[in-house]
Amino acid sequence: MNHPLTPLVILGAGGHASDTLTIVRAQADAGVARHAVVGFVSELEADHGRAVGGVPVLGGWDALDAQPAADVVCAIADPRVRQRVVREALARGRRFATLVHPAAVVSPRVAVGAGCLLSAGVLSTDDVVLGDHVIVNLACTLTHGNRIASYCTLAPGCRINGGVVLDEGAELGAGAIVLPGRRIGAFAMVGAGAVVTRDVEPGATVAGVPARPLARH
Ligand SMILES: CC(C)(COP(=O)(O)OP(=O)(O)OC[C@H]1O[C@@H](n2cnc3c(N)ncnc32)[C@H](O)[C@@H]1OP(=O)(O)O)[C@@H](O)C(=O)NCCC(=O)NCCS
């Protein structure tokens, strides 16, 4: 039996908002969609009246309030901004969806929190836990023992090896590799292409092979 689709508002109107529309459209193409995107909501007035992938940016917070039946996801890649925007939406009583692309291989035994966005090509073993509002972009691999806290962002192609822990809001650039058992502190940033061989301090920015703190950060 076909269930009616729940309307969905995507918070943000940038690149990852567009990628999130891709996830919902792929779900529809595969016959597994639960949502239909009604529009984007952005705090940036310059976004209002634009369209993303042919879908309108409805406006700001008032436009979200005007869609009381809609589920919400936040597709803003920056963890701190995402956290702030999610908190505002929660304060307005909104319910968050979790979206998994049909071409992601993520078993039902993986714990995935509210508001997570998993793109095509994500591969995960079973013993993995994702908090709330985690973004896992194209072709990331997650493996046994990974504990990925809320508001983390993984750019395309990250390799998160066994036993790795990402604390709240940790952000990994494209293609970053984290060696087994390492821990990335809260709101730390790992540069694109880095190989993380040591634990990373909260708030630090590291880059390179092996990853080292960037001097001016
Ligand atoms: C690491 C990062 C956060 C640093 O950003 P930044 O603070 O603006 O750094 P800058 O561009 O000013 O570069 C500072 C120095 O670090 C170097 N650097 C920057 N990024 C680097 C990286 N990923 N690996 C190695 N070195 C890097 C620069 O060459 C520069 O070196 P220099 O001082 O010798 O010239 C950023 O470069 C990065 O890798 N971001 C991830 C982007 C990404 O993958 N986005 C995903 C989109 S889907």
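The exercises below, each with a worked solution, deal with the domains, one helix, several loop residues and the ligand shell of a predicted model.

Residues are numbered from 1 along each chain as its sequence is written. Because the model is predicted, local features need pLDDT of at least 70 and side-chain atom pairs count only at pLDDT 80 or more, whereas totals for chains, interfaces and linings use all residues.

**Exercise 1. The two domains**

Determine how the protein chain is divided into domains, and which elements supply the side of domain 1 that touches domain 2.

Solution. Begin with the bounds, which come from an automatic or database domain assignment: domain 1 covers 6-97 and domain 2 covers 98-206. Taken over C-alpha atoms, the centres of domain 1 and domain 2 are separated by 22 Å. Next, count the residues in the contact, where two residues are in contact if their C-beta atoms, placed from the backbone, lie within 7 Å; domain 1 gives 20 residues and domain 2 gives 18 residues. Then assign the side of domain 1 to its elements, helices (H or I, at least four residues) and strands (E, at least two) being DSSP runs numbered from the N terminus: helix H1 (15-29), strand S5 (71-74) and helix H3 (79-91) each supply at least two residues. The largest share, 7 residues, comes from H1.

**Exercise 2. Helix H1**

Work out which residues of H1 are buried, and which exposed residues its opposite face carries.

Solution. First check the geometry: H1 has 15 residues and reaches 21 Å from its first C-alpha to its last, close to the 21 Å expected at 1.5 Å a residue, the expected span being 1.5 Å times one less than the number of residues. A residue is buried if 20 or more other C-beta atoms, placed from the backbone, lie within 10 Å of its own, exposed if 12 or fewer, and partly exposed in between. By this rule His16, Ala17, Asp19, Thr20, Ile23 and Val24 are the buried residues of H1. Seen down the axis of H1, these residues fall within an arc of 165 degrees, so they line one face of the helix; the arc is that of the directions from the helix axis to the C-beta atoms. The face turned away from the buried side carries the exposed residues Gly15 and Asp29.

**Exercise 3. Around strand S11**

Decide whether His133, Val136 and Ala139 are buried or partly exposed.

Solution. His133 is found in the loop between strand S10 (128-130) and S11, and counts as buried because it has 27 C-beta neighbours inside 10 Å. Val136 lies in strand S11 (residues 135-136), and its 30 C-beta neighbours inside 10 Å make Val136 buried too. Not counting residues up to four places away in sequence, Val136 touches Leu118, Ser119, Val122 and Leu154. Ala139, in the loop between S11 and strand S12 (141-142), has 18 C-beta neighbours inside 10 Å and therefore counts as partly exposed. For the backbone, phi of His133 is near 60 degrees, a positive value in a residue other than glycine, and phi of Ala139 is also near 60 degrees.

**Exercise 4. A cis peptide bond**

Locate Pro210 and describe the bond that joins Val209 and Pro210.

Solution. Pro210 is placed in the loop between strand S22 (205-207) and strand S23 (212-213). The peptide bond between Val209 and Pro210 is cis, with omega about -5 degrees.
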